[in-house]
Amino acid sequence: MTSINALPRIDPRSPDGRLLPLPVSGGFPVTGEPSNTIAAAGLTKRYGDTVAVDGLTFTVSPGRVTGFLGPNGAGKSTTMRLLLGLERSDAGSATINGVPYADLPAPLTQVGAMLEAKAFHPGRSGRNHLLCLAQSHALVPERVDEVIDLVGLRGAAHRRAGTYSLGMAQRLGIAAALLGDPGVVILDEPVNGLDPEGVLWIRRLMKRLAAEGRAVLVSSHLMNEMAVTADHLLVVGRGRLLSDCPTDEFIRRHTDPGIYAATPAIARPALLEEAFLRVTAASVEYAGQ
């Protein structure tokens with residue numbers, strides 16, 4: 001599989017539309033700002049009397065997959081929307097490469113995101129959906145075909161996207177996120193609707209993106225997937241940060257020492273669910289009896 005960063009594109013800031021080389025890190029050539037980094041500082045969002053995000057401070061660094069975990073209602077989706085400028089914070093800041101999303105030049109080339117699988121016009125073909133996005137950033141049409149091949153949608157590219165299954169819609173959303181060859185990738189529940197082959201594909205893709213020097217932030221409720229995919233974890237509950245550490249360290253800290261010691265290293269990822277439930281027990285909004 002060709003390295004995503006090796007694929008050419010047009011720099012939207014080039015007045016003559018020349019095809020320019022881009023750095024291995026993705027996005028525009030590095031200036032004085034941090035490259036391929038997501039940061040939140042004291043990030044807070046309220047809806048009336050409800051505090052959805054409560055003073056979150058964290059950094060998502062390049063070169064690793066960061067899992068974003070929390071119970072339902074923990075504030076994960078709201079946080080991602082704040083990072084992408086889709087919500088306005090009441091306090092604190094959220095930045096991509098050192099600046100708010102709204103201030104990014106040609107944002108599609110710096111951060112790619114999939115928050116909703118079916119965020120497309122159902123009457124357009126999958127290819128035309130991507131082509132419209134590409135034209136908005138002066139990306140060459142060939143890039144559309146490259147990401148279609150990357151996500152395995154060549155056979156369905158000319159079908160109306162409204163006829164896609166959930167798994168196909170997920171692949172189209174991931175293609176859109178990668179269209180601008182960004183150095184930062186944000187994915188919300190990317191394995192929803194995928195069959196086992198698709199789950200393995202997205203797992204390998206996220207690891208490869210991180211290995212190429214990108215910052216990858218992914219939310220999921222599937223502990224088994226996060227255990228084998230995420231290098232680092234951010235765990236939130238009731239809008240507050242509960243943990244920010246490497247996955248192995250999180251499991252070791254929050255499982256019974258005897259069980260941890262008796263579990264072969266290769267099987268320890270299976271302990272992530274137990275560790276997660278212990279950490280978030282007091283933060284579950286809708287616990288059953």
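Over which residues does pLDDT stay under 50? In this predicted model, that stretch is residues 4–31. The model nevertheless has 72 contacts beyond four places in sequence for residues 4–31. Where pLDDT is low, the predicted coordinates should not be read in detail. For the chain as a whole, the mean pLDDT is 87, and 87% of the residues reach 70 or more.

I turn now to the salt bridges. Side chains of opposite charge can pair when their charged atoms come close. The count in this model comes to 12 salt bridges, and I shall present three examples.

The first example lies within a helix. Glu146 and Arg143 form a salt bridge, with a distance of 3.8 Å from N to O. Both residues belong to helix α3, residues 141–151, and they stand 3 residues apart, about one turn of the helix. Arg143 is buried, because its relative accessible area is 1%, under the cut-off of 20%. Glu146, with 24%, is partly exposed.

The second example joins two helices. In the salt bridge between Glu197 and Arg171, the closest N and O atoms are 3.2 Å apart. This pair links distant parts of the chain: Glu197 is in helix α5, residues 196–211, while Arg171 is in helix α4, residues 166–178, and 26 residues separate them. Glu197 is partly exposed at 49% relative accessibility, whereas Arg171 is buried at 13%.

The third example is the salt bridge between Glu212 and Arg208, at 3.4 Å from N to O. Both Glu212 and Arg208 are buried. Through shared partners, salt bridges join these two residues with Asp181 and Arg214 into one network.

Note on methods
Residues are numbered from 1 along each chain as its sequence is written. This is a predicted model: local features need pLDDT of at least 70, side-chain atom pairs count only at pLDDT 80 or more; totals for chains, interfaces and linings use all residues. Side-chain values use heavy atoms; hydrogens and water are left out. pLDDT is the predictor's confidence in each residue, from 0 to 100. Contact means heavy atoms within 4.5 Å. A salt bridge is a side-chain nitrogen of Lys or Arg within 4 Å of a carboxyl oxygen of Asp or Glu. Helices (H or I, at least four residues) and strands (E, at least two) are DSSP runs, numbered from the N terminus. Buried means under 20% relative accessible area, exposed over 50%, partly exposed in between (1.4 Å probe, protein chains only).
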